[in-house]
Amino acid sequence: LHSFPTRRSSDLAPLKIDIKDEKQEEQRIKEISYIEKKVKEAKKLLRKMLMASDLQVEWAKNSYDTIHLKEEVFEDFFCVCVCLTPWNKKCLQYLKSINIICEKFNDKLTKGLSGSLTNLTNLNHLRIEFKRDFAASEITDLGLIKLSESIAKLVYLHDLELDFKSCEKISDNGIIKLGSNLCKLTTLDRFQITFSKNGVYTDDGITKFGQSLAKMNNLNQLEVEFLNNKYISNDGIPSLINSVSKLPSLHNIRLSLIELDSFNDSGFNQLGQHLSSMYNLKRLRLDMTLKSDTVVSQLAQMISKLINLQALQLNMENMNRVTINGMNQLYYSLSKLEYLNHLHLTFRHWWTIHASITNLEQTLSKLRGLKELHLELIDSWCLKDEEMIHFSQILSRCTSLTQFSIKHDHGLTDRGITTLSGALSLLFHLTYLKFDFIGCTEISDTALSKISTAISRMPELSHFELR
């Protein structure tokens, strides 16, 4: 520690420590002098560590702490967290939520991190991200298994996020052991995992991982992101969803399936069948590549069966082979969701001739309970002035809307924006409004004036953004 370069004290972030225990006030008073002594020792060590790196720690009751762990400072952090007994038991037990970003880690350092986690006995929220710029992380199955064993001991954990997108050395063995350990977390309510790019895990590992998740009976929200893995084909992902589809408390699902070259129409058809059987699903988000009208048709069939869906977000990539006929099937399926109150649609790379969102109007007219509508039209030809005029006419009748946002990067002029502004001025219950027209180079002061007039007529508006 003494060899660390020093920085001015003014550069150091303040450390806050709150070790109050209202239920045992008398006992706390008796021990306070001893604890304060240990706290001072800890603060000294932490301040020296802050001089050496970007490590930022705030020890505070019920706080959300972000810790950036770098290879060169981790062992000192490990000493503070683990070796300062009984100080760690007096202070770390109050930590409810922590976000750990690990840079340039290997299995040895992950083992140290795992030891530190065992002291966070009352942790409710944990997020761990392994990152390494311009290169893959050195974490292997060995480090992942050790980490998962420690996480499994956090008996009060409700919210867990694991980001392994840079861990390319994790195989089926690590994924399977991860699942078998995490299924011991009986209190887990939300679980989010990002699998690695170019990982060496396969359908077999994902299938068995899903079988472990099926034991988490209290799981309410599941978010799984797959990134560009050539070993994942049509079996693993549908099998995972089939395993969790019978969980009684699972009402929220997010799946990201971008750039999975070996996952094709057949795989999505199986996936759709399993998702459509989840009649109690309330919220669904799908990030996917729409390669053809066939996939769109399968997506439409699945959505039409989720009759209790309340929130739907579809991020659709690479739509250059999707026709208006395919999209009309999707629009029609959306009109069947009578309980839907939140709709977020992203169209990206939709270059097809006659691409349009005009027929979305009929869907909106039937979604009478819709409260939130968000549209992102990125590098797409589906919304020009003529379409915007027709779209605005229907939008003006969506009087129940409280939130609306639109993002479009080309094709609109003052004419389209003026019409949209006029329609929005009739939505008196809007509390949230966001425009993003970066790339629409033909918008002038005239359109901005119309937008200004429109928002002045929205008495309940509390949030407004314009780009």
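## Starting with one histidine

Where is the place of His-274? His-274 sits in helix 9, which covers residues 265-276. Keep in mind as you look around that this is a predicted model.

If you skip the neighbours within four places in sequence, His-274 is in contact with Pro-238, Ile-241, Asn-242 and Ser-245. Take Ser-245: it lies 29 residues from His-274 along the chain, yet 6.9 Å separates the C-alpha atoms of the two.

## The whole chain

Now zoom out. The chain has 467 residues, and 52% of them are buried. Its secondary structure adds up to 15 helices and 14 strands.

What about contacts? Among those with a separation of 6 or more, 86% are between residues 24 or more positions apart. As for the outside, the accessible surface is about 21200 Å², and carbon and sulfur atoms account for 48% of that.

## How confident is the prediction?

The mean pLDDT of the chain is 80, with 77% of the residues at 70 or more. Some stretches score lower: over residues 48-65 the pLDDT stays under 50, though the model still has 62 contacts there beyond four places in sequence. Residues 70-88 are also below 50, and that stretch has 49 contacts beyond near neighbours in sequence.

Here's the rule to remember: where pLDDT is low, don't read the predicted coordinates in detail.

## A buried glutamate

Next, find Glu-161 in strand 4, which runs over residues 159-163. Is Glu-161 buried or exposed? Glu-161 counts as buried because its relative accessibility is 13%, and the cut-off for buried is under 20%.

The side chain of Glu-161 makes polar contacts with two arginine side chains: Arg-127 at 3.3 Å and Arg-190 at 3.0 Å. Both arginines also turn up in the list of residues that Glu-161 is in contact with outside its own stretch of four places either way, along with His-125, Leu-126, Ile-128 and Gln-192.

## Aromatic rings in pairs

There are seven aromatic pairs in the structure. To describe a pair, you give the distance of the centres and the angle of the planes. Phe-130 and Phe-164 are a stacked pair, at 5.9 Å centre to centre with 20 degrees between the planes. This pair links distant parts of the chain, 34 residues apart: Phe-130 is in strand 3 (residues 125-131), while Phe-164 is in the loop between strand 4 and helix 6 (172-182). Phe-130 and Phe-164 are both buried.

Phe-195 and Tyr-201 make a tilted pair, with 5.3 Å between centres and 45 degrees between planes. These two are buried as well. They also belong to one aromatic cluster, together with Phe-191, Phe-209 and Phe-226.

## One face of helix 15

Finally, go to helix 15, residues 445-455, where Ala-447, Ile-451 and Ala-454 are buried. Why do the buried residues of helix 15 line one face? Looking down the axis of helix 15, you'd find them within an arc of 60 degrees, so they line one face of the helix. The general idea is that an α-helix has 3.6 residues a turn, so residues three or four places apart point the same way.

And what covers the buried residues of helix 15? The cover includes helix 14 (414-424), strand 13 (432-436) and strand 14 (463-466).

Definitions and conventions: Residues numbered from 1 in each chain as written. Heavy atoms only, no water. Helix = DSSP H or I, 4+ residues; strand = E, 2+ residues; numbered from the N terminus. Buried < 20%, exposed > 50% of the residue type's maximum accessible area, 1.4 Å probe, protein only. Polar contact = N/O pair within 3.5 Å; in protein donor to acceptor, adjacent residues only side chain to side chain. Contact = heavy atoms within 4.5 Å. pLDDT = per-residue confidence, 0-100. Phe/Tyr/Trp six-rings, centres within 6.5 Å; stacked < 30°, edge-to-face > 60°. Arc of directions from axis to C-beta. Areas by Shrake-Rupley, 256 points an atom, 1.4 Å probe, with all protein chains shown as cover.
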